[in-house]
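Trainee: I would like to go through this protein with you step by step, beginning with single residues and ending with the whole chain.

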Amino acid sequence: MLKQTFSNPLLSGFYPDPSICRVEDDYYLVTSSFVYFPGLPIFHSKDLVHWEQIGHGIHRPDQLDYKNCETSEGLWAPSIRYHNGTFYIINTFVSRGREADRDNYIITAQDPAGPWSDPVFVKGADGIDSSLFFDDDGSVWYTGNYISDQKLYKGHHGIYLNELDPLTFQFKGKRSIIWDGNSSHSKWIEAPHIYKKDGWYYLMTAEGGTFCNHSVMMARSRTIDGDYEICPRNPIVTHRHLSLLNEISVVGHADIVTTQNGEWWMVLLGVRPYKGFHYNLGRETFMIPIVWSEDGWPMPDTENGLVHKEERLPDLPSFYCPFTDSNDNFDSDSLSMIWNMIHPPQRDFYSLTKRRGCLRLSLEPEVIQEICNPSFIGRRQQHKVFMASAAMEFTPENDLEEAGIVLIQDNRYNLVFVKTFRNNRAVLQLHRTENGVRTLIKELPLENTGRLCLSVQGRCETYAFFYGPNEHELKLFAEDIDAALLSSTVNEGFTGVYIGMYASSNKSVSTNYADFDWFHYTGKDI
């Protein structure tokens with residue numbers, strides 16, 4: 001008998017702030033990526049359940065200058081829309097500090113897989129979480145959040161609306177304030193989207209911040225810039241009243257779509273916490289059905305109004321998308337879309353062709369404990385229970401050279417498992433970086449200086465590290481390493497853990513390199 005439910009999250013691991021649109025019977029979804037490059041991952045589906053990544057919105061280093069973005073800056077909260085043959089992504093770019101002025105830009109494409117255009121920045125567009133709405137009369141509208149000048153309370157934000165010139169993507173006419181948090185006592189209003197249904201303009205927002213009070217709110221008006229009526233049942237979706245250790249927590253920041261069969265579905269972010277309210281996977285993409293009540297307001301069409309791990313299937317034909325192999329033998333001339341680097345590359349620090357069948361990382365002066373573009377290629381941790389392994393060939397020439405695997409939440413919080421050189425011999429080291437301070441946990445001389453397999457296993461609350469000549473002869477190196485070091489609540493960040501391959505000459509000049517023959521990842525949900 002065919003399964004009649006799907007499992008949340010739709011996208012496991014660090015895929016926050018989902019935005020969705022439909023073109024006939026095709027669905028497209030984009031999420032935030034912050035400092036990682038390529039940025040703004042784009043997915044395609046036909047059944048809303050099985051998603052295939054088809055590209056990135058930011059895929060050329062010259063599209064944006066990440067400058068000195070720390071890990072939780074960069075690309076925030078994109079929105080994807082389609083109109084008259086063109087796809088649009090509008091996005092907030094944060095490059096001068098989390099609380100500094102933000103830049104909002106638009107990119108376009110005829111094919112959502114790309115290529116995407118260079119960004120067009122909307123002059124005067126302050127705030128975050130911008131979104132586009134194409135009205136029936138051909139007008140184009142920009143919505144975004146702003147920090148109220150009144151600042152009547154902490155988190156006093158609101159939502160503004162401005163018409164856009166459809167050719168230049170610049171403001172025309174006056175800005176309208178369509179939701180001032182003071183009138184609804186809402187804190188940190190953000191993530192606005194406008195929809196039109198049955199003669200109403202519906203404005204959906206997030207509220208309460210991105211932590212335990214996160215939620216989805218709704219308002220409506222008969223005119224797009226009119227007086228918006230606040231939904232009397234707000235928040236329409238939240239888990240703020242549940243235990244923080246509920247299996248799904250911190251739900252909010254949503255977007256909705258109607259299917260060709262007339263169903264409505266909401267994608268939104270959430271987290272899967274563990275003991276002490278920690279979550280290493282970051283904020284993930286979930287989905288629930290919604291229904292419109294008799295009084296014209298949307299509400300969750302679930303058993304109890306909550307987001308569940310198991311939910312009924314959409315009424316859509318099943319979609320079989322290509323299976324993404326979590327093991328990479330580096331046989332291609334280009335990296336799989338699962339891989340990212342920190343910041344767009346400033347030079348050619350990796351190669352898939354200098355040694356066929358291997359990923360070669362040059363030893364670069366940059367270190368992963370700084371805000372920079374290090375010699376690092378990584379992927380998301382997507383499961384609480386997982387194993388990630390890599391086979392490496394590397395001969396360090398001095399005690400500044402190191403290469404291996406890294407688990408990183410940001411430059412201030414990470415675990416570095418590397419082969420290096422000390423006292424005239426090769427050694428294996430595990431380092432812990434906490435609040436920017438790197439500390440050696442353990443060091444072990446290596447008898448075999450040739451091919452080395454490095455592995456890390458996660459068991460929800462702890463990590464364990466292994467090594468050996470191959471993946472079938474692994475020895476325990478260190479265990480019970482507290483995973484909370486890499487929790488998003490510890491670094492107060494917006495991302496999740498990345499696991500990947502790393503090589504550094506620690507501020508020195510080097511022509512050395514490390515070759516990675518393969519990288520394997522496997523995980524399971526609990």
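Trainee: Is cysteine 453 buried or exposed?

Mentor: Keep in mind that we are reading a predicted model. Buried is the word for a residue under 20% relative accessible area. Cysteine 453 has a relative accessible area of 1%, so this cysteine is buried.

Trainee: Why is cysteine 453 without a bond to the closest cysteine sulfur?

Mentor: A disulfide is a covalent bond between the sulfur atoms of two cysteines. The sulfur atoms have to be within 2.5 Å to be counted as a disulfide. For cysteine 453 the closest cysteine sulfur is in cysteine 358, and this is too far for a bond because the separation is 14 Å.

Trainee: How many disulfides does the protein have by this rule, and where is the nearest cysteine sulfur to cysteine 321?

Mentor: By this rule, the count of disulfides is zero. Cysteine 321 takes part in no disulfide, and the nearest cysteine sulfur to it is 17 Å away, in cysteine 21.

Trainee: Which class does cysteine 321 fall into by its relative accessibility?

Mentor: The class between buried and exposed runs from 20% to 50%. Cysteine 321 has a relative accessibility of 23%, and therefore it counts as partly exposed.

Trainee: Which side chain makes a polar contact with the side chain of serine 131?

Mentor: Serine 131 is placed in strand β11, which covers residues 131-134, and with 1% relative accessibility it counts as buried. Leaving aside residues up to four places away in sequence, the residues that serine 131 touches include Arg81, Trp141, Tyr142 and His193. The polar contact, at 3.3 Å, is made with the side chain of serine 79.

Trainee: What share of residues 327-522 is strand?

Mentor: In an unreviewed entry, UniProt places the feature "domain: Beta-xylosidase C-terminal Concanavalin A-like" at these residues, 327-522. The C-alpha atoms at the two ends of this span lie 8 Å apart. Helix makes up 2% of the span, and the share of strand is 52%.

Trainee: How compact is the protein for its 526 residues?

Mentor: The protein holds two helices and 38 strands. Its radius of gyration is 23 Å, close to the 24 Å given by the globule rule for 526 residues, so the protein is as compact as a globular protein of that length.

Trainee: What part of the 526 residues counts as buried?

Mentor: Among contacts in the protein with a separation of 6 or more, 59% come from residues 24 or more positions apart. The accessible surface is about 21000 Å², with 48% of it belonging to carbon and sulfur atoms. Of the 526 residues, the part that counts as buried is 62%.

Technical notes
Residues numbered from 1 in each chain as written. Predicted model: local features only at pLDDT ≥ 70, side-chain atom pairs only at ≥ 80, totals over all residues. Heavy atoms only, no water. Helix = DSSP H or I, 4+ residues; strand = E, 2+ residues; numbered from the N terminus. Buried < 20%, exposed > 50% of the residue type's maximum accessible area, 1.4 Å probe, protein only. Polar contact = N/O pair within 3.5 Å; in protein donor to acceptor, adjacent residues only side chain to side chain. Contact = heavy atoms within 4.5 Å. UniProt positions renumbered as here; feature names shortened; annotations may be inferred. Rg over C-alpha atoms; globule rule 2.2 N^0.38 Å. Areas by Shrake-Rupley, 256 points an atom, 1.4 Å probe, with all protein chains shown as cover.
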